[in-house]
Amino acid sequence: MRATQLLLPTVKEDPAGAESISHKLMVRAGLVRQLAAGIYVYLPAGWRVMQKIAAIIREEMNGIGCQEILMPVLNPAEIWQQSGRWSAIGDELFRLKDRKGTDMALAMTHEEVVTWLAAREVHSYKQLPQLWYHIQTKERDEARPKSGVLRTREFIMKDSYSLDASHEALQESYARHIGAYDRIFARCGVDCMMVEGDSGMMGGSVSHEYMAYAEAGEDEIVVCAECGYAANVETALAGPDRLAPASETQAAPIDITVDEVLPTPEAKTIEQVAALLGLPARAFIKALVVTVEAGGETPAGAAMVLLRGDHDLSELKLRTALGAPFRMATPDEVLAAQGIEPGYVGPLPTSLPVFADEVLRRGHYVAGANQPGHHRSGVSLAMMPQAAFFDLRTARATDPCPKCDGDLTGARVIEVGNIFQLGTKYSQPMGALFLDEAGKEQPIVMGSYGIGLARIAAAAIEQHHDAAGIVWPTSLAPFDVHLVLVRASDEVQAALAEQLYAELAASGFEVLFDDRDISPGIKFKDADLIGCPAQVVVGKRATEGLVELKPRASGERRDVATADIIMALGEVLDRT
Ligand code: ATP
Ligand code: MG
């Protein structure tokens with residue numbers, strides 16, 4: 001490709017409001033442009049990167065016997081109603097009506113279409129297992145599209161689906177995907193960790209997330225170096241506390257095992273009350289009132305959630321404990337449910353159902369006294385037979401490992417892939433049944449497996465860049481070689497550059513030829529910004545038949561005779 005003919009609009013300035021490195025560099029290197037919030041155009045260089053990612057994914061999917069198909073973005077609402085997700089999913093699902101007034105949805109994932117297809121085309125155990133995938137556009141009305149291409153409202157996903165005759169057979173399909181995913185991320189040069197996941201809206205029980213290390217990541221994981229336990233903090237099991245409750249150890253200014261109502265005027269938050277009473281946050285119980293939505297296992301209405309003062313609620317764990325969706329109660333709802341405004345809410349007394357974190361089984365605490373301006377010490381949940389205990393808190397990087405004696409460490413990550421054992425969650429309601437060996441009808445056992453292509457590109461940039469720009473892993477780079485003609489007006493240089501451009505292309509290299517008649521400084525800056533793995537600079541020493549070779553990663557320039565350039569490039573690009 002000649003730069004003079006290529007749409008490669010590099011820019012000096014970071015885009016307004018961009019925080020992540022990948023967002024800044026993808027815009028500056030001329031890879032993408034934002035059309036609207038969370039909606040992007042891929043420019044030629046950006047699209048080349050996406051196609052390289054797609055090619056790697058395709059090879060690895062085909063390699064495990066997964067068959068490529070193409071399913072539509074536009075879906076009839078009917079299949080989403082059959083699966084239950086038409087009502088289970090809220091505003092994230094784009095909904096529309098066709099000209100006849102029929103409800104339609106824009107697919108955010110394709111379990112419904114796959115199950116519809118399986119219900120029609122798979123009838124016997126003899127046809128199983130089946131593995132199907134496509135690489136295609138997804139639409140999601142994300143609440144907060146941000147960070148460039150990391151969280152967009154339209155994005156390209158590779159989603160694959162496994163159909164099996166039994167739960168045991170599903171394990172084999174799942175394991176094959178794990179193998180393929182490990183190879184995909186390694187080939188893309190993205191350093192990843194597979195962690196236990198939350199099955200969220202996909203349903204099912206077992207799931208894993210592929211997390212790429214990056215400061216720009218929205219997710220946080222904890223990892224145990226000792227036993228290898230790794231999980232998203234939202235779902236990570238909370239390990240046992242190595243310290244005894246504050247009430248058993250604290251030489252505190254007040255004895256918090258004693259039941260006493262303490263005046264705490266103006267102090268509402270844990271921090272404020274802790275400072276006022278001279279106690280650590282772990283000496284407190286934080287009482288939250290939530291509004292449980294209808295349709296789940298816990299009856300709709302208000303419920304009280306209790307956590308230790310220094311812990312944070314994991315909304316996912318609470319949702320699982322409730323078996324129902326919920327939201328935080330408004331101040332008016334809190335007042336109506338508990339007779340007190342937020343800030344002084346406590347468990348003693350309450351008529352609400354109580355969901356308490358495990359750690360609160362033991363010890364005495366200070367909690368809201370259910371009186372304005374007062375807290376109460378000596379609160380022990382042993383006094384509350386109606387309290388149900390669950391692991392409800394968000395794990396922390398400072399926690400002990402829940403599985404061994406080791407310590408956890410934390411890391412910020414980007415979720416690049418997600419795999420789920422769906423079981424019969426979709427096949428059952430949608431009637432995707434097969435006849436087993438005994439001639440008995442059974443629901444197909446399914447799995448689903450996603451990878452976001454743009455997140456791989458962005459994670460690769462987050463992990464491979466320097467102050468000058470992107471340092472692409474060779475496998476993802478938009479071009480192998482950035483051929484820079486220093487002076488387009490110099491006939492010798494121009495002739496040699498043209499000759500090399502032709503030769504390199506003939507040898508199978510993808511070459512970006514900067515033949516622009518502009519200042520060399522701009523060309524060098526652009527070459528570093530765009531980040532192709534090898535730069536070949538045709539400058540003054542063209543008269544001697546010498547060019548300069550600069551691997552982008554090391555930055556070490558050296559002169560190479562034109563006769564040797566193909567071999568030297570082969571080494572830089574690891575093609576020997
Ligand atoms: P997240 O928790 O980040 O919203 P998710 O759990 O909703 O992700 P899945 O539904 O499992 O994601 O989708 C599979 C893959 O698709 C994700 O691992 C991610 O790589 C990608 N993906 C999901 N949502 C987006 C988005 N809004 N923009 C870009 N890629 C996305
Ligand atoms: Mg999501």
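# Notebook: a walk through a predicted chain

I started at the exposed end of things: K12 has a relative accessible area of 73%, so I noted it as exposed. K12 sits in the segment before α1. I then looked for a partner further along and took L25, which is 13 residues away in sequence; the two C-alpha atoms are 9.9 Å apart. A reminder to myself before going on: this is a predicted model.

**Entry: the whole chain**

I looked up the overall make-up next. The protein chain holds 15 helices and 31 strands. Its C-alpha atoms fill a box of roughly 90 × 70 × 50 Å along the principal axes. Of the 576 residues, 52% are buried. I also checked how contacts spread along the sequence: taking pairs at least 6 apart, 69% join residues at least 24 apart.

For the surface, I noted an exposed area of about 25,200 Å², of which carbon and sulfur atoms supply 52%. I counted charges too, and found 54 positive and 78 negative side chains. The centres of these two sets lie 3 Å apart.

**Entry: ligand 1**

Which residues are closest to ligand 1? I found 16 residues around the ligand, and the closest are R140, E142, R151, T152 and E415. Then I asked which strand gives the largest share of the shell. That is β21, with 5 residues. Both β8 (154–164) and β21 (408–423) supply at least two shell residues each.

I went through the polar pairs one at a time. R151 places a polar side-chain atom 2.7 Å from an oxygen atom of ligand 1. From V416, a backbone N or O atom lies 2.9 Å from a ligand oxygen atom. For G452 I noted a polar backbone atom 3.0 Å from an oxygen atom of the ligand. The protein covers 88% of the 580 Å² of accessible area that ligand 1 has on its own.

**Entry: T152**

T152 was on the list of residues closest to the ligand, and I wanted its surroundings. T152 lies in the loop between β7 (130–139) and β8. Is T152 buried or exposed? Its relative accessible area is 5%, so T152 is buried. A polar atom of its side chain is 2.9 Å from the backbone oxygen of E154. Beyond four places in sequence, T152 touches G38, Y40, R140 and E142. R140 and E142 were also on the list of residues closest to ligand 1, which made a pleasant cross-check.

**Entry: H177 and G189**

H177 belongs to helix α6. At 0% relative accessible area, H177 is buried. Leaving aside neighbours within four places, I listed its contacts as M61, I64, L131, K158, S160 and Y449.

I moved on to G189, in the loop between α6 (167–187) and β9 (192–196). G189 has 23% relative accessibility, and the buried class stops under 20%, so I put G189 down as partly exposed. What does G189 touch, sequence neighbours up to four places away set aside? The answer is Q463, H464, P473 and S475. I also took the span to C224, 35 residues apart along the chain, and got 23 Å between the C-alpha atoms.

**Entry: helix α14**

I picked α14 (residues 520–530) to see what packs over it. Its buried residues are P520, K523, D526, A527, D528, L529 and I530. The cover over these buried residues includes helix α1 (21–28) and the strands β26 (469–470), β27 (481–485), β28 (511–514), β29 (534–538) and β30 (546–551). Just after α14, G531 has a positive phi of about 80°.

**Entry: backbone oddities**

I looked for cis peptides and wrote down two. One joins L128 and P129, with omega about 0°; P129 is in the loop between α5 (111–121) and β7. Another runs from L348 to P349, with omega near -5°, and P349 is in the loop between α10 (331–338) and β17 (354–357).

Next came positive phi outside glycine. E266 has phi near 70° and lies in the loop between β13 (260–263) and α8 (270–277). With 73% relative accessibility, E266 counts as exposed. N370 has a positive phi of about 60°, but N370 is in strand β18 (residues 365–371). N370 counts as buried because its relative accessibility is 16%, under the 20% limit.

Methods:
Residues numbered from 1 in each chain as written. Chains lettered and ligands numbered in written order. Heavy atoms only, no water. Helix = DSSP H or I, 4+ residues; strand = E, 2+ residues; numbered from the N terminus. Buried < 20%, exposed > 50% of the residue type's maximum accessible area, 1.4 Å probe, protein only. Contact = heavy atoms within 4.5 Å. Areas by Shrake-Rupley, 256 points an atom, 1.4 Å probe, with all protein chains shown as cover. Lys, Arg positive; Asp, Glu negative; His and termini not counted. Charge placed at Lys NZ, Arg CZ, Asp CG, Glu CD. Near = heavy atom within 4 Å. Polar contact = N/O pair within 3.5 Å; in protein donor to acceptor, adjacent residues only side chain to side chain.
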